[in-house]
Amino acid sequence: MFDSLKALPADPILGLGIKYKKDTNPKKIDLGVGVYKDEAGNTPVLNCVKKAEQHRLTTEQSKAYISPGGSPLFNSEMAKLIFGADHKVLAEDRARIISTPGGTGALRVAGEFIKSCKSDATIWVSNPTWANHNGVFAAAGLNVKTYPYYDYENKSLDFDGMLNALKEVGKDDVVLLHACCHNPSGMDLNKEQWQQVAEVAKTVGFTPLLDMAYQGFGTGLEDDAYGLRLLADTVEEMIICSSCSKNFGLYRERIGACTIIGSSSIAVDIANSVLLYVARVIYSMPPAHGAAIVETILTSDELRTEWYGELKDMRDRINGNRKLIVDKLIEHGVTQDFSHISRQMGMFSFLGLSPEQVQQLQDDYSIYLVGSSRMSIAGYSNDNVDYLAQSIAKVL
Ligand SMILES: Cc1ncc(COP(=O)(O)O)c(C=O)c1O
(Lines give C-alpha, C1' and ligand atoms only; values in the text may rest on other atoms or scores of the structure.)
Protein backbone atom coordinates (compact mmCIF):
# COMPACT_ATOMS: atom_id res chain seq x y z
CA MET A 1 0.00 0.00 0.00
CA PHE A 2 2.78 2.43 0.87
CA ASP A 3 4.26 1.99 -2.63
CA SER A 4 1.76 4.50 -4.00
CA LEU A 5 3.23 7.30 -1.85
CA LYS A 6 5.50 10.05 -3.14
CA ALA A 7 7.93 11.66 -0.70
CA LEU A 8 6.89 15.14 0.43
CA PRO A 9 9.46 17.93 0.68
CA ALA A 10 10.72 18.62 4.22
CA ASP A 11 9.11 21.57 6.02
CA PRO A 12 11.28 24.56 4.97
CA ILE A 13 11.66 25.88 8.53
CA LEU A 14 12.52 22.49 10.02
CA GLY A 15 14.94 21.85 7.11
CA LEU A 16 16.63 25.16 7.81
CA GLY A 17 17.11 24.19 11.47
CA ILE A 18 18.86 20.97 10.41
CA LYS A 19 21.25 22.91 8.13
CA TYR A 20 21.93 25.40 10.92
CA LYS A 21 22.83 22.63 13.36
CA LYS A 22 25.32 21.14 10.89
CA ASP A 23 27.01 24.51 10.21
CA THR A 24 30.36 24.72 12.02
CA ASN A 25 30.82 28.51 11.67
CA PRO A 26 31.02 29.85 15.27
CA LYS A 27 29.31 33.07 14.12
CA LYS A 28 26.21 31.30 12.74
CA ILE A 29 22.80 32.81 13.56
CA ASP A 30 19.43 31.06 13.34
CA LEU A 31 16.71 33.55 12.40
CA GLY A 32 14.32 30.91 11.09
CA VAL A 33 13.44 29.40 14.43
CA GLY A 34 9.85 29.81 15.71
CA VAL A 35 10.58 29.79 19.44
CA TYR A 36 11.57 32.55 21.85
CA LYS A 37 15.30 32.70 22.68
CA ASP A 38 16.95 34.61 25.49
CA GLU A 39 20.17 36.65 25.25
CA ALA A 40 22.20 33.45 25.60
CA GLY A 41 20.29 31.82 22.72
CA ASN A 42 18.37 29.41 24.96
CA THR A 43 14.65 28.68 25.27
CA PRO A 44 14.59 28.09 29.03
CA VAL A 45 11.81 26.65 31.17
CA LEU A 46 10.20 29.62 32.97
CA ASN A 47 10.79 29.72 36.74
CA CYS A 48 7.05 29.88 37.40
CA VAL A 49 6.65 26.73 35.28
CA LYS A 50 9.39 24.91 37.21
CA LYS A 51 7.67 25.79 40.49
CA ALA A 52 4.24 24.75 39.20
CA GLU A 53 5.70 21.43 38.03
CA GLN A 54 7.27 20.87 41.44
CA HIS A 55 3.91 21.55 43.04
CA ARG A 56 2.13 19.12 40.69
CA LEU A 57 4.72 16.45 41.37
CA THR A 58 3.84 16.42 45.04
CA THR A 59 0.07 16.94 44.74
CA GLU A 60 -1.00 14.98 41.64
CA GLN A 61 -3.15 12.00 42.63
CA SER A 62 -3.92 10.26 39.37
CA LYS A 63 -3.07 9.95 35.71
CA ALA A 64 -6.57 8.80 34.77
CA TYR A 65 -8.21 10.50 31.77
CA ILE A 66 -9.88 13.86 32.37
CA SER A 67 -12.43 14.30 29.53
CA PRO A 68 -12.47 15.38 25.86
CA GLY A 69 -12.87 18.97 27.10
CA GLY A 70 -9.80 18.80 29.36
CA SER A 71 -9.40 20.36 32.79
CA PRO A 72 -12.36 22.58 33.81
CA LEU A 73 -10.08 24.74 35.98
CA PHE A 74 -7.64 25.35 33.13
CA ASN A 75 -10.55 26.14 30.83
CA SER A 76 -12.12 28.71 33.18
CA GLU A 77 -8.76 30.37 33.90
CA MET A 78 -8.01 30.56 30.18
CA ALA A 79 -11.42 32.11 29.52
CA LYS A 80 -10.56 34.91 31.99
CA LEU A 81 -7.17 35.41 30.37
CA ILE A 82 -8.69 35.60 26.90
CA PHE A 83 -11.68 37.82 27.66
CA GLY A 84 -10.82 39.51 30.95
CA ALA A 85 -12.93 38.51 33.96
CA ASP A 86 -15.80 40.94 33.27
CA HIS A 87 -16.47 40.44 29.58
CA LYS A 88 -20.10 40.28 28.55
CA VAL A 89 -19.79 36.87 26.84
CA LEU A 90 -18.82 35.38 30.22
CA ALA A 91 -21.57 37.26 32.08
CA GLU A 92 -24.08 36.06 29.47
CA ASP A 93 -22.73 32.49 29.64
CA ARG A 94 -22.19 32.43 25.87
CA ALA A 95 -18.65 30.99 25.72
CA ARG A 96 -17.48 27.36 25.94
CA ILE A 97 -13.83 26.40 26.01
CA ILE A 98 -11.93 23.13 25.70
CA SER A 99 -8.24 22.30 26.23
CA THR A 100 -6.43 21.22 23.09
CA PRO A 101 -3.01 19.83 22.13
CA GLY A 102 -1.39 23.22 21.47
CA GLY A 103 -2.67 26.04 19.30
CA THR A 104 -2.39 23.77 16.27
CA GLY A 105 -4.72 21.26 17.94
CA ALA A 106 -7.17 24.11 18.59
CA LEU A 107 -7.02 25.15 14.93
CA ARG A 108 -7.61 21.62 13.68
CA VAL A 109 -10.54 21.11 16.05
CA ALA A 110 -11.92 24.47 14.93
CA GLY A 111 -11.51 23.41 11.30
CA GLU A 112 -13.44 20.15 11.86
CA PHE A 113 -16.07 22.05 13.87
CA ILE A 114 -16.58 24.52 11.00
CA LYS A 115 -16.87 21.58 8.61
CA SER A 116 -19.62 20.13 10.85
CA CYS A 117 -21.47 23.47 10.68
CA LYS A 118 -21.22 23.67 6.89
CA SER A 119 -19.75 20.87 4.79
CA ASP A 120 -18.55 23.20 1.99
CA ALA A 121 -17.36 26.04 4.25
CA THR A 122 -14.77 28.59 3.15
CA ILE A 123 -12.20 30.07 5.49
CA TRP A 124 -10.35 33.27 4.56
CA VAL A 125 -6.81 33.69 5.81
CA SER A 126 -4.52 36.71 5.51
CA ASN A 127 -1.95 36.89 2.73
CA PRO A 128 0.55 35.98 4.07
CA THR A 129 -0.30 33.87 7.10
CA TRP A 130 1.35 31.23 9.31
CA ALA A 131 2.13 28.56 6.70
CA ASN A 132 0.45 25.77 8.67
CA HIS A 133 -2.96 27.50 8.58
CA ASN A 134 -3.37 26.46 4.96
CA GLY A 135 -2.50 22.83 5.62
CA VAL A 136 -4.53 22.47 8.81
CA PHE A 137 -7.74 23.86 7.31
CA ALA A 138 -7.33 22.07 3.99
CA ALA A 139 -6.81 18.81 5.91
CA ALA A 140 -10.07 19.51 7.74
CA GLY A 141 -11.78 19.74 4.34
CA LEU A 142 -12.36 23.53 4.20
CA ASN A 143 -11.91 25.74 1.16
CA VAL A 144 -9.03 28.06 2.04
CA LYS A 145 -8.96 31.50 0.39
CA THR A 146 -6.84 34.57 1.10
CA TYR A 147 -7.55 38.25 1.72
CA PRO A 148 -4.91 40.97 1.17
CA TYR A 149 -2.96 41.85 4.31
CA TYR A 150 0.71 42.79 4.03
CA ASP A 151 1.92 45.38 1.54
CA TYR A 152 5.45 44.08 0.83
CA GLU A 153 6.44 47.14 -1.15
CA ASN A 154 5.55 49.69 1.50
CA LYS A 155 6.25 47.30 4.40
CA SER A 156 2.90 48.16 5.91
CA LEU A 157 -0.62 46.91 6.28
CA ASP A 158 -2.81 46.88 3.16
CA PHE A 159 -5.80 47.81 5.29
CA ASP A 160 -7.98 49.10 2.44
CA GLY A 161 -7.36 45.91 0.48
CA MET A 162 -8.16 43.83 3.54
CA LEU A 163 -11.36 45.66 4.41
CA ASN A 164 -12.65 45.67 0.84
CA ALA A 165 -12.04 41.93 0.58
CA LEU A 166 -13.81 41.26 3.90
CA LYS A 167 -16.85 43.20 2.70
CA GLU A 168 -17.16 40.66 -0.16
CA VAL A 169 -16.91 37.38 1.77
CA GLY A 170 -20.02 35.25 2.23
CA LYS A 171 -22.10 35.51 5.38
CA ASP A 172 -21.55 31.81 6.08
CA ASP A 173 -17.78 32.09 5.59
CA VAL A 174 -15.18 32.14 8.34
CA VAL A 175 -12.44 34.79 8.48
CA LEU A 176 -9.24 34.02 10.36
CA LEU A 177 -7.66 37.03 12.07
CA HIS A 178 -4.41 37.03 14.04
CA ALA A 179 -5.33 38.51 17.43
CA CYS A 180 -1.85 40.04 17.85
CA CYS A 181 1.77 39.62 16.74
CA HIS A 182 0.85 38.61 13.19
CA ASN A 183 2.95 35.69 11.99
CA PRO A 184 4.86 36.14 9.69
CA SER A 185 4.64 39.91 9.13
CA GLY A 186 4.55 41.37 12.68
CA MET A 187 1.99 43.83 11.29
CA ASP A 188 -0.96 44.28 13.64
CA LEU A 189 -4.19 46.26 13.36
CA ASN A 190 -4.53 49.39 15.47
CA LYS A 191 -7.63 50.02 17.60
CA GLU A 192 -9.48 52.00 14.91
CA GLN A 193 -8.80 49.31 12.35
CA TRP A 194 -10.12 46.63 14.70
CA GLN A 195 -13.25 48.74 15.11
CA GLN A 196 -13.74 48.85 11.35
CA VAL A 197 -13.17 45.10 11.00
CA ALA A 198 -15.69 44.45 13.78
CA GLU A 199 -18.27 46.63 12.00
CA VAL A 200 -17.72 44.78 8.72
CA ALA A 201 -17.97 41.42 10.52
CA LYS A 202 -21.30 42.47 11.98
CA THR A 203 -22.67 43.88 8.73
CA VAL A 204 -21.54 41.00 6.52
CA GLY A 205 -22.30 38.34 9.13
CA PHE A 206 -19.18 36.18 8.65
CA THR A 207 -17.80 34.24 11.61
CA PRO A 208 -14.45 35.52 12.90
CA LEU A 209 -11.87 32.95 13.97
CA LEU A 210 -9.26 34.61 16.15
CA ASP A 211 -5.88 32.90 16.34
CA MET A 212 -4.19 34.09 19.53
CA ALA A 213 -0.81 32.35 19.64
CA TYR A 214 1.14 35.23 21.20
CA GLN A 215 -0.96 36.88 23.92
CA GLY A 216 1.46 38.97 26.02
CA PHE A 217 4.26 39.04 23.41
CA GLY A 218 3.15 42.32 21.79
CA THR A 219 2.16 45.17 24.12
CA GLY A 220 0.78 43.22 27.09
CA LEU A 221 -1.78 40.59 28.05
CA GLU A 222 -4.71 43.03 27.99
CA ASP A 223 -3.77 45.17 24.98
CA ASP A 224 -2.94 42.13 22.88
CA ALA A 225 -6.52 40.89 23.37
CA TYR A 226 -8.10 44.25 22.43
CA GLY A 227 -9.33 43.30 18.95
CA LEU A 228 -10.48 39.86 20.08
CA ARG A 229 -12.51 41.30 22.96
CA LEU A 230 -14.01 43.98 20.72
CA LEU A 231 -15.11 41.41 18.17
CA ALA A 232 -16.54 39.22 20.93
CA ASP A 233 -18.53 42.27 22.04
CA THR A 234 -19.79 42.91 18.53
CA VAL A 235 -20.68 39.61 16.86
CA GLU A 236 -22.95 36.79 17.98
CA GLU A 237 -20.76 33.84 17.04
CA MET A 238 -17.01 33.52 17.08
CA ILE A 239 -14.21 30.95 17.42
CA ILE A 240 -10.92 31.50 19.26
CA CYS A 241 -7.80 29.32 19.09
CA SER A 242 -5.26 30.01 21.82
CA SER A 243 -1.78 28.65 22.41
CA CYS A 244 0.21 28.48 25.65
CA SER A 245 3.35 27.48 23.74
CA LYS A 246 4.96 30.93 23.59
CA ASN A 247 3.63 32.92 26.53
CA PHE A 248 4.13 30.08 29.04
CA GLY A 249 7.11 28.61 27.13
CA LEU A 250 5.30 25.25 27.10
CA TYR A 251 5.96 24.41 23.46
CA ARG A 252 6.53 20.67 23.72
CA GLU A 253 3.85 20.09 26.35
CA ARG A 254 1.27 20.88 23.64
CA ILE A 255 -1.31 22.95 25.42
CA GLY A 256 -3.80 25.41 23.96
CA ALA A 257 -7.54 26.01 23.94
CA CYS A 258 -10.43 26.25 21.51
CA THR A 259 -13.24 28.61 22.53
CA ILE A 260 -16.59 29.09 20.85
CA ILE A 261 -19.02 31.94 21.46
CA GLY A 262 -22.68 31.35 20.61
CA SER A 263 -25.72 33.57 20.31
CA SER A 264 -27.14 32.24 23.61
CA SER A 265 -26.26 29.89 26.40
CA ILE A 266 -28.51 27.19 24.91
CA ALA A 267 -27.15 27.63 21.39
CA VAL A 268 -23.54 27.43 22.54
CA ASP A 269 -24.24 24.26 24.55
CA ILE A 270 -25.45 22.57 21.37
CA ALA A 271 -22.38 23.80 19.48
CA ASN A 272 -20.16 22.65 22.32
CA SER A 273 -21.51 19.10 22.12
CA VAL A 274 -20.30 19.05 18.49
CA LEU A 275 -16.94 20.57 19.47
CA LEU A 276 -16.45 17.86 22.10
CA TYR A 277 -17.38 15.15 19.62
CA VAL A 278 -14.87 16.53 17.11
CA ALA A 279 -12.12 16.45 19.75
CA ARG A 280 -13.15 12.95 20.80
CA VAL A 281 -12.75 11.51 17.31
CA ILE A 282 -9.39 13.18 16.66
CA TYR A 283 -7.40 12.58 19.86
CA SER A 284 -10.05 11.52 22.40
CA MET A 285 -8.54 13.39 25.39
CA PRO A 286 -6.11 16.30 25.43
CA PRO A 287 -2.76 16.04 27.22
CA ALA A 288 -3.09 17.19 30.85
CA HIS A 289 0.38 18.18 32.01
CA GLY A 290 0.61 21.59 30.32
CA ALA A 291 -2.93 22.47 31.44
CA ALA A 292 -2.03 21.52 35.02
CA ILE A 293 0.98 23.85 34.93
CA VAL A 294 -1.01 26.75 33.50
CA GLU A 295 -3.88 26.40 35.97
CA THR A 296 -1.44 26.15 38.88
CA ILE A 297 0.25 29.38 37.79
CA LEU A 298 -2.96 31.27 37.11
CA THR A 299 -4.58 30.33 40.43
CA SER A 300 -1.56 31.22 42.59
CA ASP A 301 -1.00 34.93 43.33
CA GLU A 302 2.72 34.31 43.73
CA LEU A 303 3.24 32.25 40.57
CA ARG A 304 0.96 34.47 38.53
CA THR A 305 2.97 37.55 39.51
CA GLU A 306 6.19 35.74 38.65
CA TRP A 307 4.74 34.75 35.28
CA TYR A 308 3.77 38.38 34.51
CA GLY A 309 7.39 39.34 35.18
CA GLU A 310 8.88 36.57 33.07
CA LEU A 311 6.45 37.28 30.23
CA LYS A 312 7.35 40.98 30.40
CA ASP A 313 11.05 40.09 30.19
CA MET A 314 10.43 38.12 27.00
CA ARG A 315 8.28 40.91 25.55
CA ASP A 316 10.80 43.60 26.44
CA ARG A 317 13.64 41.66 24.88
CA ILE A 318 11.71 41.21 21.64
CA ASN A 319 10.74 44.89 21.48
CA GLY A 320 14.29 45.92 22.42
CA ASN A 321 15.72 43.67 19.69
CA ARG A 322 13.43 45.31 17.14
CA LYS A 323 14.87 48.73 17.87
CA LEU A 324 18.40 47.35 18.16
CA ILE A 325 18.60 45.93 14.63
CA VAL A 326 17.11 49.08 13.09
CA ASP A 327 19.73 51.24 14.88
CA LYS A 328 22.58 48.86 14.04
CA LEU A 329 21.69 48.76 10.34
CA ILE A 330 21.92 52.56 10.25
CA GLU A 331 25.18 52.44 12.20
CA HIS A 332 26.64 50.04 9.63
CA GLY A 333 25.82 52.36 6.76
CA VAL A 334 22.56 50.92 5.45
CA THR A 335 20.52 53.69 3.83
CA GLN A 336 17.48 51.54 2.99
CA ASP A 337 14.61 52.11 5.45
CA PHE A 338 14.13 49.26 7.94
CA SER A 339 12.11 51.26 10.47
CA HIS A 340 9.06 49.05 9.87
CA ILE A 341 10.74 46.44 12.10
CA SER A 342 10.55 48.74 15.13
CA ARG A 343 6.86 49.52 14.45
CA GLN A 344 5.85 45.85 14.17
CA MET A 345 5.00 43.38 16.94
CA GLY A 346 5.82 39.91 18.14
CA MET A 347 8.30 37.26 17.12
CA PHE A 348 8.61 37.97 13.39
CA SER A 349 9.09 40.60 10.68
CA PHE A 350 10.06 40.48 7.04
CA LEU A 351 13.48 41.93 6.32
CA GLY A 352 12.33 42.53 2.76
CA LEU A 353 15.34 40.81 1.13
CA SER A 354 15.22 38.89 -2.15
CA PRO A 355 15.53 35.07 -2.08
CA GLU A 356 19.03 35.50 -3.58
CA GLN A 357 20.08 37.82 -0.75
CA VAL A 358 18.64 35.38 1.81
CA GLN A 359 20.67 32.60 0.18
CA GLN A 360 23.80 34.74 0.22
CA LEU A 361 23.34 35.43 3.94
CA GLN A 362 23.25 31.70 4.46
CA ASP A 363 26.11 30.74 2.12
CA ASP A 364 28.54 33.54 2.97
CA TYR A 365 27.69 34.46 6.57
CA SER A 366 25.93 31.41 8.09
CA ILE A 367 22.82 33.48 8.81
CA TYR A 368 19.73 31.34 8.40
CA LEU A 369 16.40 32.84 7.30
CA VAL A 370 13.43 31.35 5.42
CA GLY A 371 13.24 32.36 1.75
CA SER A 372 10.56 34.98 2.37
CA SER A 373 13.16 36.78 4.60
CA ARG A 374 10.93 36.35 7.66
CA MET A 375 13.25 36.99 10.58
CA SER A 376 12.81 35.58 14.09
CA ILE A 377 13.35 38.68 16.24
CA ALA A 378 14.50 36.72 19.30
CA GLY A 379 17.10 34.91 17.20
CA TYR A 380 19.91 37.46 17.73
CA SER A 381 21.43 39.17 20.75
CA ASN A 382 23.61 42.11 21.77
CA ASP A 383 26.61 39.84 21.16
CA ASN A 384 25.98 39.12 17.49
CA VAL A 385 23.77 41.99 16.28
CA ASP A 386 26.79 43.84 14.83
CA TYR A 387 27.76 40.79 12.80
CA LEU A 388 24.14 40.45 11.65
CA ALA A 389 23.82 44.13 10.64
CA GLN A 390 27.21 44.10 8.86
CA SER A 391 26.27 40.94 6.95
CA ILE A 392 22.90 42.37 5.88
CA ALA A 393 24.68 45.58 4.81
CA LYS A 394 27.04 43.52 2.66
CA VAL A 395 24.32 41.53 0.86
CA LEU A 396 22.37 44.73 0.24
C1 LIG B 1 -0.04 32.15 14.25
C2 LIG B 1 0.17 30.85 14.94
N3 LIG B 1 -0.88 30.09 15.27
C4 LIG B 1 -0.75 28.92 15.89
C5 LIG B 1 0.49 28.42 16.20
C6 LIG B 1 0.57 27.07 16.84
O7 LIG B 1 1.10 27.04 18.09
P8 LIG B 1 1.34 25.68 18.87
O9 LIG B 1 2.80 25.47 18.89
O10 LIG B 1 0.78 25.91 20.22
O11 LIG B 1 0.64 24.59 18.17
C12 LIG B 1 1.64 29.15 15.87
C13 LIG B 1 2.96 28.63 16.17
O14 LIG B 1 3.97 29.11 15.76
C15 LIG B 1 1.47 30.40 15.23
O16 LIG B 1 2.51 31.16 14.88
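**Figure 1. Helices H11 and H12 pack against each other in this predicted model.** The two helices meet at an angle of about 100°, and their axes lie 6 Å apart. H11 and H12 are therefore roughly perpendicular to each other. Look for Thr296, Ile297 and Leu298 on the H11 side, and for Leu303, Arg304 and Trp307 on the H12 side, where H12 spans residues 301–331. Sorted by class, this contact has 4 nonpolar residues, 1 polar residue and 1 charged residue.

**Figure 2. Helix H2 also packs with H11.** H2 takes in residues 47–59, and H11 takes in residues 289–298. Their axes are 9 Å apart and cross at an angle of about 105°. That makes H2 roughly perpendicular to H11. From H2 come Cys48, Val49, Ala52, Glu53, His55 and Arg56, which meet Ala292, Ile293, Thr296 and Ile297 of H11. The residues of this contact divide into 6 nonpolar, 2 polar and 2 charged.

**Figure 3. Isoleucine 297 is a residue of helix H11.** Is isoleucine 297 buried or exposed? It counts as buried, because 25 C-beta neighbours lie inside 10 Å, and 20 or more are enough for that label. Leaving aside neighbours within four places in sequence, isoleucine 297 is in contact with Cys48, Ala52, Leu303, Arg304 and Trp307. You have already met Cys48 and Ala52 as residues of H2, and Leu303, Arg304 and Trp307 as residues of H12. Between isoleucine 297 and tryptophan 307, which are 10 residues apart along the chain, the C-alpha separation is 7.4 Å.

**Figure 4. The shell around the ligand has 13 residues.** Gly102, Gly103, Thr104, Ser243 and Ser245 come nearest to the ligand. Which helix gives the most to this shell? Helix H5, covering residues 102–117, does so with 3 residues. By class, the shell around the ligand divides into 3 nonpolar, 9 polar and 1 charged.

**Figure 5. Leucine 107 sits in helix H5.** With 27 C-beta neighbours inside 10 Å, leucine 107 counts as buried. Not counting residues up to four places away in sequence, leucine 107 touches Val136, Asp211 and Cys241. Cysteine 244 makes a helpful second landmark here. Leucine 107 and cysteine 244 are 137 residues apart in sequence, and their C-alpha atoms are 13 Å apart in space.

**Figure 6. Isoleucine 341 belongs to helix H13.** This helix runs over residues 340–343. Isoleucine 341 has 22 C-beta neighbours inside 10 Å and so counts as buried. What does isoleucine 341 contact, leaving aside its neighbours within four places in sequence? The answer is Arg322, Ile325, Val326 and Ser349. Lysine 155 is 186 residues away along the chain, with 9.0 Å between its C-alpha atom and that of isoleucine 341.

**Figure 7. Two cis peptide bonds to look at lead into proline 128 and proline 184.** Most peptide bonds are trans. The bond joining asparagine 127 and proline 128 is cis, and its omega is about 5°. Proline 128 is found in the loop between strand E3 (122–127) and helix H6 (131–139). For the cis bond from asparagine 183 to proline 184, omega is near 20°. Proline 184 is found in the loop between strand E7 (174–178) and helix H8 (191–204).

**Figure 8. Aspartate 93 and arginine 254 each have a positive phi.** Most residues other than glycine have a negative phi. Aspartate 93 is not a glycine, yet its phi is about 55°. You can find aspartate 93 in the loop between helix H4 (88–91) and strand E2 (95–100). This aspartate is partly exposed, with 13 other C-beta atoms within 10 Å. Arginine 254 has a phi near 60°. Its loop lies between strand E9 (238–243) and strand E10 (256–261). Arginine 254 counts as buried, because it has 21 C-beta neighbours inside 10 Å.

**Figure 9. An annotated domain covers residues 27–392.** The UniProt annotation, from an unreviewed entry, reads "domain: Aminotransferase class I/classII large". Over residues 27–392 the chain is 46% helix and 15% strand. The C-alpha atoms at the ends of this stretch are 14 Å apart.

Terms used: Residues numbered from 1 in each chain as written. Predicted model: local features only at pLDDT ≥ 70, side-chain atom pairs only at ≥ 80, totals over all residues. UniProt positions renumbered as here; feature names shortened; annotations may be inferred. Helix = DSSP H or I, 4+ residues; strand = E, 2+ residues; numbered from the N terminus. Axes fitted to C-alpha atoms, helices over the stretch in contact; angles between N-to-C directions. Parallel < 35°, antiparallel > 145°, perpendicular 65-115°, else oblique. Contact = placed C-beta atoms within 7 Å. Nonpolar A, V, L, I, M, F, W, Y, C, P; charged D, E, K, R; others polar. Near = placed C-beta within 6 Å. Buried ≥ 20, exposed ≤ 12 C-beta atoms within 10 Å, placed from the backbone.
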